[in-house]
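Student: Could you take me closely through the nonpolar core of this protein chain, and through the helix packing beside the description of that core?

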Amino acid sequence: ELPAASGGAGNIVFTVPEGARLNSEDRASAIADAATEIAALPLVVDRSSLAPTNPEAAQSPSESPGPLILDGAPVPGVVVSADGSVAMLQMQFTMPVDELPEGTTEEAVGIAEQAVDGTGVTALPSDSLDAMHPPIGGHEAIGIGIAFVVLLITLGSLWSAGLPILTALTGVAIGVGGAFALSNTITLTTATPALALMVGLA
């Protein structure tokens with residue numbers, strides 16, 4: 001059984017300018033330091049036990065990506081391209097990314113950026129490290145405004161146009177407020193507020 005695999009995953013990609021290589025000693029050491037520090041975070045699965053145990057096999061020449069080698073041993077969780085220009089640190093969390101405490105992914109990315117600072121390496125986090133945020137913003141307000149104008153033109157009365165809008169906003173307040181109230185006792189997805197908003201406005 002692999003219970004840790006049920007958590008979220010994310011990647012940090014390391015790149016260098018054209019013509020440079022990531023598997024030089026100083027850059028590989030910096031990436032290895034980043035991988036070690038990130039693996040030590042409480043909510044990150046330590047992949048060191050999953051690393052290949054045969055260094056000679058890990059260093060076999062290949063045209064495909066392989067583990068990053070430092071001091072004759074592979075760096076756990078880090079894969080480097082055949083030309084050494086791109087490397088990827090694969091992270092596994094103990095819980096889904098959306099459920100991680102605030103700042104967890106930012107801390108991991110910050111460790112990577114600090115570790116490679118001054119080495120000419122750029123650390124780029126994957127989109128999977130961004131928690132999903134409900135698509136709620138100013139677009140809904142614009143939609144309500146357009147709906148009010150259409151109703152005003154159609155019905156010809158401020159009262160008649162405003163009443164459906166007021167009813168919709170009341171429904172939205174009850175729906176979204178109820179969703180947030182239930183979130184204290186029931187696990188809800190981050191899309192729940194957006195769905196409640198759409199249903200209420202409809």
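Tutor: What follows goes from the core to one of its residues and then to a pair of helices.

This is a predicted model, in which local features need pLDDT of at least 70 and side-chain atom pairs count only at pLDDT 80 or more, while totals for chains, interfaces and linings use all residues. Residues are numbered from 1 along each chain as its sequence is written, and side-chain values use heavy atoms, with hydrogens and water left out.

The largest nonpolar core (buried Ala, Val, Leu, Ile, Met, Phe, Trp, Tyr and Cys residues joined through side-chain atoms within 4.5 Å; buried means under 20% relative accessible area, with a 1.4 Å probe and protein chains only) has 33 residues, of which I12, F14, I31, I38, V78, L89 and M91 touch the most other members. At least two residues each come from β1 (9-15), α1 (25-39), β2 (66-70), β3 (73-80), β4 (86-92) and α3 (104-115), where helices (H or I, at least four residues) and strands (E, at least two) are DSSP runs numbered from the N terminus. The largest contribution, 7 residues, is that of α1.

Leaving aside residues up to four places away in sequence, V78 is in contact (heavy atoms within 4.5 Å) with I31, A35, G66, P67, L68, A87, M88 and L89.

As for the helices, α1 and α3 pack with their axes (lines fitted to C-alpha atoms over the stretch in contact, with angles from 0 to 180 degrees between N-to-C directions) 8 Å apart and at an angle of about 155 degrees. That makes α1 roughly antiparallel to α3, a term for angles over 145 degrees. A30, A34, E37 and I38 of α1 meet A108, I111, A112 and A115 of α3 in this contact.

Terms used
Buried means under 20% relative accessible area, exposed over 50%, partly exposed in between (1.4 Å probe, protein chains only). Angles under 35 degrees count as roughly parallel, over 145 as roughly antiparallel, 65 to 115 as roughly perpendicular and the rest as oblique.
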